[in-house]
Amino acid sequence: GGDGVGAERVARAQAGLHPSSLLTQKAHSTAPATSTRALRLRRAMRCFGGAPLSPHAPNRRRSRTSFAATEGSHESKSQASLNVNDFTVKHVFAVVKRGSEESFAEASVMNAVDSINDEPSLARFDVLQSHSNPSQFILVQVFKDRSSPYNREESSQIHARWLKRADSMIVGNMETLQMTPKFPLKASSWMYPEDDDDDETELLCRHLSIRVDENAEKEFLELTILNARNSIMSDGVARFDVLQHDDDPQQFMVVQAFKDEEAQKAHENSEHNQRWLANLPELLAANIAVAEFSNIFPLELKRW
């Protein structure tokens with residue numbers, strides 16, 4: 001498209017519009033106040049140290065220590081040989097019935113904790129809740145090899161337990177995306193650190209769905225990874241991932257996590273991000289879809 005069209009696309013994206021079919025409402029440029037329900041849920045979760053007891057293991061309470069030790073054993077065996085080019089990222093989109101948000105979040109957090117503890121093929125497992133519609137969740141699963149997502153659905157007892165508990169809460173069919181990580185390039189950046197002793201923080205997570213013109217993929221990646229490298233050096237930026245869809249190489253997702261709204265604004269106004277935006281319009285094949293989420297799990301800042 002011409003300059004006017006490209007500028008309009010970027011302007012629409014910065015305004016926080018959400019043409020994505022997965023989101024039915026516009027997210028606002030400011031994060032909404034955390035609901036009483038969400039606060040109760042956060043107090044209940046405490047991720048590892050105080051996570052609700054798993055219904056299938058009533059005497060088993062996860063602790064920060066046990067998680068780190070378990071992960072460390074997985075890590076010590078294989079991290080040196082891990083290659084991020086073998087990794088795959090799976091996003092599972094779920095809409096749940098009104099009133100079942102807490103139960104679904106609790107079941108999903110326990111799914112994440114048990115999976116990371118007991119399934120070496122998983123590097124990380126995040127649970128996010130939409131800002132614009134609390135009934136919408138994304139389960140973000142990062143696998144260390146590309147066959148693992150399929151093997152897990154077929155053989156994982158942890159996944160089967162979660163599905164049995166969550167199935168009655170879910171409206172319609174869950175949607176999935178499978179993507180290849182393009183940034184960061186270190187395998188360790190996609191895994192939870194052993195040292196998780198950190199304050200719990202509600203992050204502002206933004207997912208930018210970006211479609212580029214045919215044959216513009218390489219240039220887009222170069223521009224976006226440069227922006228990511230500069231952005232992740234900022235204190236207020238917790239994550240900046242660049243993902244490419246497996247089934248559509250023209251489609252990308254940029255995942256950003258900010259410590260607060262002030263950090264997000266600082267990033268948007270930064271020289272490197274403005275330079276990215278200035279070079280982006282001619283590469284776009286469609287408007288950018290922006291979706292905002294809160295981190296239900298993990299809460300510890302160091303895990304991002």
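Q: What share of the contacts with a separation of 6 or more lies between residues 24 or more positions apart in this predicted model?
A: In this predicted model, residues 24 or more positions apart account for 79% of the contacts in the chain with a separation of 6 or more. A contact here requires heavy atoms within 4.5 Å. The chain holds nine helices and eight strands.

Q: Why is the pair of phenylalanine 104 and tryptophan 162 called edge-to-face?
A: Two values decide the matter, because a pair of aromatic rings is described by the distance of the centres and the angle of the planes. The centres must lie within 6.5 Å, and planes over 60 degrees apart count as edge-to-face. For phenylalanine 104 and tryptophan 162, the centres are 6.0 Å apart and the planes stand at 65°, so the pair is edge-to-face.

Q: What makes phenylalanine 104 and tryptophan 162 a link between parts that are 58 residues apart in sequence?
A: Phenylalanine 104 belongs to helix α4 (residues 101-118) and tryptophan 162 to helix α6 (residues 157-166), so their pairing ties these parts together. Ring pairs also link Phe104, Phe137 and Trp162 into a cluster.

Q: How do you know whether phenylalanine 104 and tryptophan 162 are buried or exposed?
A: Buried means under 20% relative accessible area. Phenylalanine 104 has 0% and is therefore buried; tryptophan 162, at 5%, counts as buried because its value also falls under the cut-off.

Q: What kind of aromatic pair do tyrosine 192 and phenylalanine 297 form?
A: Tyrosine 192 and phenylalanine 297 form an edge-to-face pair, at 6.4 Å centre to centre and 80° between the planes. Set against the limits of 6.5 Å and 60 degrees, both values meet the definition. Tyrosine 192 is in the loop between β4 (175-183) and β5 (204-211), while phenylalanine 297 is in strand β8 (residues 289-297), 105 residues apart.

Q: What makes arginine 303 a charge over the face of tyrosine 192?
A: The distance to the ring centre must be within 6 Å, and for arginine 303 and tyrosine 192 the value is 5.1 Å. Arginine 239 likewise lies over the face of tryptophan 190, at 5.2 Å from the ring centre.

Q: Why is strand β3 (residues 136-143) described as largely enclosed by the rest of the structure?
A: Eight of the eight residues of β3 are buried, so the strand is largely enclosed. Both faces are covered: Gln136, Ile138, Val140 and Val142 are buried on one side, and Phe137, Leu139, Gln141 and Phe143 on the other. Strand β1 (residues 88-95) pairs with β3 in the antiparallel sense over eight bridges, and strand β2 (residues 122-130) does so over seven bridges.

Q: How do you know that aspartate 246 and arginine 146 form a salt bridge?
A: The side-chain nitrogen must be within 4 Å of a carboxyl oxygen. The closest N and O atoms of aspartate 246 and arginine 146 are 2.6 Å apart, and the criterion is therefore met. Aspartate 246 lies in the loop between β6 (237-245) and β7 (251-258) and arginine 146 in the loop between β3 and α5 (148-155), so the pair ties together parts that are 100 residues apart in sequence.

Q: Why is aspartate 235 called exposed, and why does lysine 259 count as partly exposed?
A: Exposed means over 50% relative accessible area, and partly exposed lies between 20% and that value. Aspartate 235 has 63% and is therefore exposed, whereas lysine 259, at 26%, counts as partly exposed. Aspartate 235 and lysine 259 form a salt bridge, the closest N and O atoms being 3.2 Å apart.

Notes:
Residues numbered from 1 in each chain as written. Predicted model: local features only at pLDDT ≥ 70, side-chain atom pairs only at ≥ 80, totals over all residues. Heavy atoms only, no water. Phe/Tyr/Trp six-rings, centres within 6.5 Å; stacked < 30°, edge-to-face > 60°. Helix = DSSP H or I, 4+ residues; strand = E, 2+ residues; numbered from the N terminus. Buried < 20%, exposed > 50% of the residue type's maximum accessible area, 1.4 Å probe, protein only. Lys NZ or Arg CZ within 6 Å of the ring centre and 35° of its normal. Pairing = 2+ DSSP bridges.
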